[in-house]
Structure formats: structure tokens, C-alpha cells
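Hello,

Here is the structure I promised to pass on to you. Have a look at it first, and then read on for what turned up in it.

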Amino acid sequence: MRTEAQGISLQRPSRRQFLLTTGGLSIGVAFGVPAVAQNAPASAAGAGAEAFGPNAWVTIGTDGTVTIVSPAAEMGQGTSTAMPMCLAEDLDADWSKVVVKQAPHNPKAYGNRLFGGAMATGASRTTRGYYQPMRLAGAQARLVLLQAAAGRWNVPVGELTTEPGVVVHAASGRRMGYGEVASFATVPAELPTVTPAQLKPLKDCRLIGRDIARLDMKDKVTGRAMYGIDTRLPGMLHGAVLRAPQQKDRPQAVDDSAARQVKGWLATVQLPYGVGVLATNTWAARKARDALKVTWAGASPAKGYTTAAVKRDYQAVAADLGRTGVEVERHGDVPAAIAGASRVLKADYVTGHLAHVALEPMNATAQWNGDRLEVWAPTQAPTIAAATLAGALQMPMPNIVVHTTLLGGGFGRRVEGDYTVDAALLAKAADGKPVKVTWSREDDVRNDKLRPLVAQHLEAGLDGSGKVVALRHRVVSESIYGRTNPAGYKAAGGKDAPVHEGAEHLYGIDAHLVEFLRQERGIDVGFWRGVGGGYTKFALESMIDEVAIARKMDPLALRLELLAKQPRAQAVLREAAAMAGWDRPRPRGRALGIAYSDIWETHIAEVAEVSVDRKTGELKVHGLWAAVDAGVALLPTSVARQVEGGMLWGLETLRAELTHTDGVVQQSNFHDYPVLRLADVPPVVQVKVLRTEHSPGGVGEAGLPPLAPAVANAFAKLTGKRLRSLPFSPETVKRALA
């Protein structure tokens, strides 16, 4: 089902239309599997049938169609299959009759408890936040159906059972499909209470843990899927926004005489943070935007921000123990333990900024109807988008409707609401006409909310026997929460969980201290896939390897020793090592490295095989092996694919960096910001998902944190030198080898 906006025909044949045409034989044919319908209202019934809604999550048509709401944003991770599947499991629905619809923005009904009740997708919290609530919703809906059927047959509820989509009374041999029950059932005044104890045992599950086909794939491979960038509304105008070269500067004077000469230009709109242009099409909007002559106030807080100098500053702060930070975690007396240690290992690490560069660039469409605002956006967080709009426009949130579309990549970038503000402000100047704003790749790269530039200082104290008795870990960077949630940041005492996540760990070290030292240099940093784990595990797992070298121990054996009380951690380490052939000799010029991560309630170990060209500094990864225990794997193959994706993103962190000179971003597009290409993928990438019955952990980011340290540890084993600066550019590698 499409929204009104998506039902508008395109004026010219597009790539998607071409795909629709060439793949037309398959479109509209029923395959006997569930369908997914993005953006349709959740209250809608299955096609051609009256609907019965036992609770807010599900409606059942009289034709037996079961419509389930998917609460999270679908950005390729498979949530639009996995979450409805949980509900269908305990509803005992016939999966071939399930239709999935994107939830409307209604935090009260569909909010994620792990986001304080907000509707947001990210931080590996979807499965962890919705797994049990959706199963309970399914169990509750099933109980409502059973009660209705029991009333119709005048038998005790306890005598009824279900088969997929059917209520059964074994004693009389009677059977009734869910559609028939829906034709007479009523919602009780008080819905029955269900508890986790009433959920189906995992051993009896017929959907959870099975590799059923993802519902979003067919539309995506046929070009039928509709993303935010595909939004069309009648009479829609197009907009583009010019922002200052340095963040947070503001326009002082605007000369739009040249812009007015561009065919299609309609209006120039001054914004608090830039200058917008309205035009009849995107090309004209951008051409007119580029013709603007703007004098900026020169008041950017990012002035003077130059990458190399900032790295040096941060490293100095991290290493200066006289500058104390916010204690994130403290166990034991670390200063005393280090002072009394027989040997102290010290190391400094630094990582640069990274951009998200999602394939679908930032875009949003907005329309005003009096004092009400309607927005269509590929957003990870409709609640945050609505709050951002309410703040920017000084209007009540109930007057804002946000429609979540499919996302062409998120990775944390679409948690932000800045691009929706562009569309809303320009729409306000469009006299009720809808306005769509689509950022160019250059807009995206230069105005991203970056992964923080981070310096870290670690100290490990060893006693006379080589045992690690203390570990100090200091993290220095801008704050994400300090910008995005100042009140929450203050209430947390200056802790910034996304920034320093991963510095906490399960290693059995009695004295352990993690500190965060915030810097404020005027650069917006944000949530980038894996966030803190992408660099804290690089430093921590490199330091663990350094301890192993100091003790002349095998790094795998040391990790097993330090994780002696963590059987799940030991299991993934042993499995990853076995997959890679840890003890098997490698070809000449190659070596293996290993690393482990425990973030998001998921245990994962990775092994990397690398070689290096000592003349060019080119580091090559030949193979990657990972073992992961993410608890209950809802869709095992999908879990493996997500872990693979995280590992490949980890590979990208080895080579990519976004830099500044005097506050101005130096890169602009894929030609100078090197995203991973197919040819860069190692010939061997293997993931094994361990089947356990622990609560589901996060998997969308889990593959990333161990990648860089596994590669760095392999490099150290191969060369005897240590890489402590990400990315591992040829220059960095050659400096390490010098």
C-alpha cells in the first residue's frame, strides 16, 4: 500500500520505473508469503476485509489477513521482518497471511522503553527493546481470540488451542480460522494480562530462530521500494540550503541577484543558519543556491579547528593525569595499584573524524496546513525529529506529524533532525505548498554530525608475576549528549555513554578506572555506527595485546585467562580462533590478530589475517573470521549478515577520515572521502552465529569494534610495531615501521 504522496506518477521514466517495468511479471503476484507495506497507517486492515484489532499492535481481517505494526525504522537491518515475527510467533499467526505496516509516530503506543518511550531506531536497541513487548502483544491478542471463540462455542477457554491461524477445540473436533473469529469478536473492556511466563518456549517456536525470508527484500531488488527521496506530493516545490563553510556561522548579508536569473527560481529565504532557495525543481534550486552571494558573520565556534593541531591538543590532555575527568567507571584504587605495580605499560591512541555518507542523501518533504506541520522523512527517530522541529519552529509537538519512510542507510546520521528543519522552514515560506529538500552529496559530507575525533591514554599495571592489577583508560573528545541532550548530559554528571561506551569491559581486572574529559571546540559530533566502541575497543584491545607481548603470552590465551569468569566470552574467542586456524602457520608475510567486544549485550570475537607492503605502507586484509553470541538469534542468517556489515564498516575505518582546516571540511564527495569498494573486501569473510537462549543482544553494530584492533594486533605480530592512530593510512603505516 502506498501513501497518497507515493502514488503520484513520475513524469519521466526513472531507474526505479525501469525496474518496475522489467520486473513487472512478478509484481502483484501472490507468493504465499507475508508482504510489507511501508508508510501505511497502522490502523488499516488487510486489503478487502473488515478488521478486528485485539490491541494496538495487530488487526485481523475477516479474510484471515493479519496486519502487524513494525515500530522501528527499516534501514536494511531487517527489523520490519524480525519484530512482527515475534508478535506472530505468540499470536500463532499464519505467517503467509501476515502484512506488515510501518507504525505511525505514536510514542505512547509504540515507543521503545530503552529510549525512554521515544520512537527511535539505533544504538542496537530495537530487538532488545521490542523483543518481549511484541511477543507479549501477540500472546495477548491470541488470548482475546480464544476468549471470543470460547464464548461462541460455549466451552471453557482452557479447552482451546491454536494452530497457525486457526482456533481448535479438540474435544469436539471444531476449528475456526482467525478471520472467522474476527468477524464476531469484540475487544474486551479490559484486555487480558499476559506475563513472560505465558510466552511460547523457544523450543516450540516455529518462526523465531528460523531463517524465514525478509519481507523488504523483494521490493528492494525489483526497485519497487519507496524511500524518503521518492516522496512526491501534488504541487510540490523543491528547496536547497546554503550553509556556512564553518559550522554554526550565520548569514549577515545576502545578494541573490544572480540566483533570481536561474530558470525555475521562485524565492530566496533567509534562515537562522543559512539561506534557502525555493524552485520548481531540485536542479534549479541547487543552481540558484550556488549563485547566492552571502556574507557570513564570522562567528563560528569552529574557527581555528584544524585536525592535526586538535589531535595534538587532545593527546596532551589525555596524557596529562593532572587534568582529571568525569569518572565513568571506577573499581578499586587505580592510582595506588599502578603506583605499586612492578611494571606499567602506557600507550596513547588517536582516531579521526568519520562521516556517515549514507547512500540515500539527507532529504525531507514538508507541508503546512495552518498551524499544523506534516513531514515525510527517512528518519531513524520520528520522536527526535518532531522534537527538533518543535524547538526550531517554536510550536507544540502535537501539531507535528512525522511519517517514517524506508531509509537508504542510517548508521546514526538519521537520528538527527536538521534536514527535516530545512524542509519545514522552506515550506513555511511556500504558502501551503509542500516542499522537498534533498541534500547533495557535498551538502551531506560537509554538514554531517561526525564520529568524534578522540584521543585516549591507557595505563596497565602488572605485578611481579605479570598479572594485570590495574587499568586506567582516559577518553578525550567533544560530547554527543552535551550537544544533543544537554539536560540529560548534566543529569548524568557529565557522562556521555555513547562516547565512552566500550571502555567498560568484562576483563577480570580488580582496579579499573575510566575517565571522560570533554572538549568543546565547536564541531558537532554525533552517533556513527558503533559510536564509542569503534575506537575504545581499538585502544583497549590493542593494550591487551601489548600486555600479552610484555608477558610473552599468546594473546588468545591471555584473553581467556582475563575472561575466566565469562563463559560466553570464552566461547566466542575459542570459536573465532578455531575458524581462523589460530595455531596454523600462515603464508610467509602474513599474520593473525584477535580482538573481543562485549558491547550491547553481545559477545563477539574476530580474527584478522593481514600483510603489509613495507615500501608503500599498504596494509592488506586477507581474511576475517568472527564468532558471535547475541543470545536468541531471531533470524540467524540476518544476524550473520549484519555482523558482516559491521565488519566491513570496520574495514572502512582503517582508511577513511574527514579532516578540517580552520573549521572548514576538506572533503566533499566519494572521490576524496574513500568509502569501501567491493574490491577492498577480503576474499574470506566468515561469521558463525552461536545458538544460545540468552536475551537477544544488539547485532547492528557488533561487528565493528573488534575489527580495527584485530588488524592492528595482526600488524604488531607481523612487524613488531604498533599502530596507535586510526585510520591506518599508508603514511601512518610507514611512520610506524620507520
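**Cysteines**

The structure holds 0 disulfides. Please keep in mind as you read that this is a predicted model.

You may wonder why C86 has no bond to another cysteine. The closest cysteine sulfur to that of C86 belongs to C205, and the two are 8.8 Å apart, which is too far for a bond. A disulfide would need the two sulfur atoms within 2.5 Å. Seen from the other side, C205 has C86 as the closest cysteine, again at 8.8 Å between the sulfurs and too far for a bond. As for their surroundings, C86 counts as buried, because its relative accessibility is 0%. C205 is buried as well, with a relative accessible area of 3%, and the cut-off for that word is under 20%.

**Salt bridges**

Charged side chains give you plenty to look at: there are 39 salt bridges in the structure. Three pairs make a good tour.

Start with E360 and R414, whose side chains meet in a salt bridge at 3.6 Å, N to O. E360 sits in the loop between β15 (343-351) and β16 (363-369), while R414 sits in the loop between β18 (400-404) and α11 (418-428), so this pair ties together parts that are 54 residues apart in sequence. Are these two residues buried or exposed? Both E360 and R414 are buried.

Next come R474 and E515, with a salt bridge between their side chains at 3.0 Å, N to O. Here the partners belong to strands: R474 is in β21 (residues 468-477) and E515 is in β22 (residues 511-518), so the bridge ties together parts 41 residues apart in sequence. R474 is buried, and E515 is buried too.

The third pair is E561 and R551, where the side chains meet in a salt bridge of 3.0 Å, N to O. This one connects helices: E561 lies in α17 (residues 555-562) and R551 in α16 (residues 533-551), so the parts tied together are 10 residues apart in sequence. E561 is partly exposed, as its relative accessible area is 39%. R551 is also partly exposed, with a relative accessible area of 22%.

Beyond single pairs, there is a network to find: E89, D92, K200 and R206 are joined into one by salt bridges that share partners.

**Cavities**

How many cavities of 30 Å³ or more does the structure hold? There are 3 of them.

The largest cavity contains about 60 Å³ of space. Its lining is made up of P71, A72, A73, Q102, A103, M119, A120, T121, Q380, P382 and T404. Sorted by class, that lining has 7 nonpolar residues, 4 polar ones and no charged ones.

In the second largest cavity there is about 40 Å³ of space. The residues that line it are A244, P245, Q246, Q247, R446, N447, I523, H660, G663 and V665. By class, this lining has 4 nonpolar, 5 polar and 1 charged residues. R446 is the charged one in that list, because Arg is counted in the charged class.

I hope this gives you a good way in. Enjoy exploring!

Best wishes

Key:
Residues are numbered from 1 along each chain as its sequence is written. This is a predicted model: local features need pLDDT of at least 70, side-chain atom pairs count only at pLDDT 80 or more; totals for chains, interfaces and linings use all residues. Side-chain values use heavy atoms; hydrogens and water are left out. On a 1 Å grid over the protein atoms alone, a cavity is a set of points where a 1.4 Å probe fits but cannot get out, and a pocket is an open set with protein on both sides within 12 Å along at least five of seven lines; lining residues have an atom within 4 Å of a point. Grid points are joined across faces, edges and corners, and a volume is the space filled by probe spheres set on the points. A salt bridge is a side-chain nitrogen of Lys or Arg within 4 Å of a carboxyl oxygen of Asp or Glu. Helices (H or I, at least four residues) and strands (E, at least two) are DSSP runs, numbered from the N terminus. Buried means under 20% relative accessible area, exposed over 50%, partly exposed in between (1.4 Å probe, protein chains only).
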